[in-house]
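Biologist: Could you walk me through how to read a helix and its surroundings?
Modeller: Sure, let's look at it together.

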Amino acid sequence: MNAPTEIRNHRAALEHKLAELTAGFQDRSGLAIENSADMLDTIRMATDRDVLVHSMNINAQMLSDVREALARLSKGEYGVCEDCEEAISPRRLQAIPWARVCV
């Protein structure tokens, strides 16, 4: 596989992940605070809400990483480790196209 094909494949994977993560932020119904007469139900709903908030925070960070990867791709800086400035392995980029550092 040549470099332009790899770049197109990475861009497509990043754009797909961007759309997937963006769509995930559309439904926030799980964040609604509900009251219940049963204390266990109240605790369960609060726990479910906390888990959802944690998941949304992780997805927000991943969304930021994907956007940054697309920006690096546009600038021609994609695939370079932010720590050591060496090339990130193609296998790592295939698995995690938004990777910012090598292993």
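**Reading a helix and its ends**

Modeller: Let's begin just past a helix: α2 is followed by Gly76, whose phi is positive, near 80 degrees. Keep in mind that this is a predicted model.

Biologist: And at the other end, which residue caps the N-terminal end of α2?
Modeller: For a cap, look for a side-chain atom reaching a backbone nitrogen. Here Asp38 does the job, with a side-chain oxygen 3.2 Å from the backbone nitrogen of Leu40.

Biologist: How do I check the span of α2 against what's expected?
Modeller: Take the distance from first C-alpha to last and set it beside the expected span at 1.5 Å a residue. Helix α2 covers residues 39–75, 37 residues in total, and reaches 54 Å, close to the 54 Å expected.

Biologist: What do the buried residues of α2 pack against?
Modeller: They pack against α1. Among them are Met45, Met56, Leu63 and Val66, and the list also includes Arg49, Asp65 and Arg72.

Biologist: Now α1. Is His10 buried or exposed?
Modeller: Buried means under 20% relative accessible area. His10, which sits in helix α1 (residues 3–24), has 11% relative accessibility, so it counts as buried. Leaving out residues up to four places away in sequence, His10 touches Tyr78, Leu93, Gln94 and Pro97.

Biologist: And how does Ala12 count?
Modeller: Ala12 is also placed in helix α1, but its relative accessibility is 45%, so it counts as partly exposed. Compare sequence and space too: Ala12 and Pro97 are 85 residues apart in sequence and 9.8 Å apart in space, C-alpha to C-alpha.

Terms used: Residues numbered from 1 in each chain as written. Predicted model: local features only at pLDDT ≥ 70, side-chain atom pairs only at ≥ 80, totals over all residues. Heavy atoms only, no water. Helix = DSSP H or I, 4+ residues; strand = E, 2+ residues; numbered from the N terminus. Buried < 20%, exposed > 50% of the residue type's maximum accessible area, 1.4 Å probe, protein only. Contact = heavy atoms within 4.5 Å. Expected span 1.5 Å × (residues − 1). Polar contact = N/O pair within 3.5 Å; in protein donor to acceptor, adjacent residues only side chain to side chain.
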